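This report concerns the fold and packing of a single protein chain. The sequence and the model are shown first, and the discussion follows.

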Amino acid sequence: MRQIVLDTETTGLNPRDGHRIIEVACIEMVNRRLTGHHLHKYINPEREIDAGAQAVHGISLEFLADKPKFADIADEFLEFINGAQLIIHNAPFDLGFLNAELDRLGRVPVETICSGVIDTLREAKELHPGKRNSLDALCERYEIDNSSRTLHGALLDTELLAEVYLAMTRGQNALMIEPEEAPRALLGADGKVRQRKPLVVRRASDDEVAAHDAVLAAIDKESKGNCLWLPKAAAEATG
């Protein structure tokens, strides 16, 4: 299963007021293990940063002046999250900003190309009703060292959130009924989802079937009739 832990920092609280993304970070987990593969970008928002927001993340407009615009990193971002399940703390906030940025470019919403979204804030509230469930509170609850988090930062927050998520969901590694990973969407140059061609199923030829049967016969002979892949032995083993 491929999962992406994602976080953003912004110029303010609401994209409807014209606020923009100034930092986006994504780190990859496969089968609940961090791979070391990540995407981290600072972004020029092309507007002022609210004083309250800057007090939270400490990122100034001067620092962002020479950074790429969101349009410059959109393709790389979409390709990185394509087909993955996203893990976000307070997902509506980050998705609202990401989809506003993508909408400006005429691109598809994030939910269109990922295989689902896990909101760790919502899950934490279900697990710990009536308690504080901020990222700092969850780090304290699950004994995760967040001493380096004096300011909010997207990359550090994704790393901490990955640890929090693994701690929150410990014991959920059971067999999965659904496929482990949704097929990656096929994106065109315009960022729109394209339909994939149907998979071609190639059946074994008569010669290949005969060769397969010969191998099973040889195994059966060596095992003195105990080859489990032959119908008789398989029936005895399950009967």
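The sections below treat the chain as a whole, its nonpolar cores, two helix pairs, two buried residues and two loop residues.

## Overall composition

The model is a predicted one. Its chain has 239 residues, of which 39% are buried. The secondary structure comes to ten helices and seven strands. Among contacts between residues at least 6 apart in sequence, 65% join residues at least 24 apart.

## The nonpolar cores

The largest nonpolar core holds 26 residues, and the members that touch the most other members are Cys26, Phe70, Phe77, Ile81 and Val110. Two or more residues of this core come from each of strand S1 (2–10), strand S2, helix H3 (70–81), strand S4 (85–88), helix H4 (91–104) and helix H5 (110–113). Helix H3 gives the most, namely seven residues. In soluble globular proteins, nonpolar side chains tend to be buried together.

Phenylalanine 77 illustrates how this core is joined. With its neighbours within four places in sequence left aside, phenylalanine 77 is in contact with Leu6, Val24, Cys26, Leu39, Phe70, Leu98 and Val110. Apart from this core lies another, of 16 residues, which includes Ile118, Ile144, Leu160 and Leu161.

## Packing of H3 against H4

Helices H3 and H4 pack at an angle of about 110°, and their axes are 10 Å apart. Because angles of 65 to 115 degrees count as roughly perpendicular, H3 is described as roughly perpendicular to H4. In this arrangement, H3 passes H4 in a left-handed crossing.

The contact brings Phe70, Phe77 and Leu78 of H3 to Leu98, Glu101 and Leu102 of H4. By class, the residues of this contact divide into five nonpolar, no polar and one charged. Phe70 and Phe77 from the H3 side are also among the residues that touch the most other members of the largest nonpolar core.

## Packing of H6 against H8

The second pair consists of helix H6 (residues 120–127) and helix H8 (residues 154–168), which pack at an angle of about 40° with their axes 11 Å apart. This angle makes H6 oblique to H8. The crossing of H6 past H8 is left-handed.

From H6, the residues Thr120, Glu123, Ala124 and Leu127 meet Leu161, Tyr165 and Met168 in H8. The contact of H6 with H8 has five nonpolar residues, one polar residue and one charged residue. Leu161, on the H8 side, is also one of the residues of the 16-residue core.

## Two buried helix residues

Leucine 138 is found in helix H7 (residues 135–141). Its relative accessibility is 0%, so leucine 138 counts as buried. Beyond its neighbours within four places in sequence, leucine 138 is in contact with His89, Ala124, His128, Asn133, Val164 and Met168. Two of these partners, Ala124 and Met168, also take part in the contact of H6 with H8. The C-alpha atoms of leucine 138 and alanine 124 are separated by 8.1 Å, while the two residues are 14 residues apart along the chain.

Asparagine 99 belongs to helix H4. Is asparagine 99 buried or exposed? Its relative accessible area is 19%, and the cut-off for buried is under 20%; asparagine 99 is therefore buried. When its neighbours within four places in sequence are left aside, asparagine 99 is in contact with Pro109, Val110 and Glu111. The C-alpha atoms of asparagine 99 and proline 15 are separated by 9.3 Å, with their positions 84 residues apart along the chain counted as the distance apart.

## Two loop residues with positive phi

Most residues other than glycine have a negative phi. Asparagine 31 is not a glycine, yet it has a positive phi of about 55°. This residue sits in the loop between strand S2 (21–30) and strand S3 (33–42). Asparagine 31 is partly exposed, with a relative accessible area of 46%.

Glutamate 46 likewise has a positive phi, of about 60°, although it is not a glycine. Its place is in the loop between S3 and helix H1 (51–57). At a relative accessibility of 48%, glutamate 46 counts as partly exposed.

Definitions and conventions:
Residues are numbered from 1 along each chain as its sequence is written. This is a predicted model: local features need pLDDT of at least 70, side-chain atom pairs count only at pLDDT 80 or more; totals for chains, interfaces and linings use all residues. Side-chain values use heavy atoms; hydrogens and water are left out. Axes are lines fitted to C-alpha atoms, for helices over the stretch in contact, and angles run from 0 to 180 degrees between N-to-C directions. Helices (H or I, at least four residues) and strands (E, at least two) are DSSP runs, numbered from the N terminus. Angles under 35 degrees count as roughly parallel, over 145 as roughly antiparallel, 65 to 115 as roughly perpendicular and the rest as oblique. A crossing is left-handed if the near helix is turned anticlockwise from the far one by less than a right angle, and right-handed if clockwise. Contact means heavy atoms within 4.5 Å. Ala, Val, Leu, Ile, Met, Phe, Trp, Tyr, Cys and Pro count as nonpolar, Asp, Glu, Lys and Arg as charged, and the others, Gly among them, as polar. Buried means under 20% relative accessible area, exposed over 50%, partly exposed in between (1.4 Å probe, protein chains only). A nonpolar core is a set of buried Ala, Val, Leu, Ile, Met, Phe, Trp, Tyr and Cys residues joined through side-chain atoms within 4.5 Å.
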